[in-house]
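Please open the model in the viewer and keep the sequence panel visible. The tour below moves from the whole chain to a single residue.

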Amino acid sequence: MEDDKIYLMPGDVVTLRQALPNKPTMIVVRKKTLSVRDGQQVGKVLQGIVCRWFTTDGHMEEALFSTKDLIKV
């Protein structure tokens, strides 16, 4: 069975998986997790990957993306 999981690390260069016009090339900043409690156990759930990029007019943007929506460049 093929392991198709992609692990993204801070500094990785990524883009959106979808074929969109003018999709940005982004830098992974960090992964965002959420602490959850299930009875006595505390665990962490991945919320997504925080990425930054510059728009065509030079403004820096930052957003949270699902790992399923990103591919490494």
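Begin with the complete chain, coloured by accessibility: of the 73 residues in the protein, 19% are buried. Please bear in mind throughout that this is a predicted model.

Next, display the whole surface. The protein exposes about 5,900 Å², of which carbon and sulfur atoms supply 53%. Then select the charged side chains, where 11 positive and 9 negative ones are found. The centres of these two sets lie 6 Å apart.

Return to the backbone trace and view the C-alpha atoms along the principal axes, where they fill a box of roughly 50 × 35 × 20 Å. The radius of gyration is 15 Å, whereas a compact globule of 73 residues would have one near 11 Å.

Switch to the cartoon representation. The protein has zero helices and five strands, so that the order of elements from the N terminus reads β-β-β-β-β.

Now select D12, which is located in the segment before strand 1 (13-16). Is this residue, D12, buried or exposed? D12 counts as buried because its relative accessible area is 19%, and the cut-off for buried is under 20%.

With D12 still selected, show its side chain and add the backbone of M9. The side chain of D12 reaches the backbone nitrogen of M9 at 2.8 Å.

Finally, add the residues around D12. When neighbours within four places in sequence are set aside, D12 is in contact with Y7, M26, I27, V28 and K72.

Conventions
Residues numbered from 1 in each chain as written. Predicted model: local features only at pLDDT ≥ 70, side-chain atom pairs only at ≥ 80, totals over all residues. Heavy atoms only, no water. Helix = DSSP H or I, 4+ residues; strand = E, 2+ residues; numbered from the N terminus. Buried < 20%, exposed > 50% of the residue type's maximum accessible area, 1.4 Å probe, protein only. Polar contact = N/O pair within 3.5 Å; in protein donor to acceptor, adjacent residues only side chain to side chain. Contact = heavy atoms within 4.5 Å. Rg over C-alpha atoms; globule rule 2.2 N^0.38 Å. Areas by Shrake-Rupley, 256 points an atom, 1.4 Å probe, with all protein chains shown as cover. Lys, Arg positive; Asp, Glu negative; His and termini not counted. Charge placed at Lys NZ, Arg CZ, Asp CG, Glu CD.
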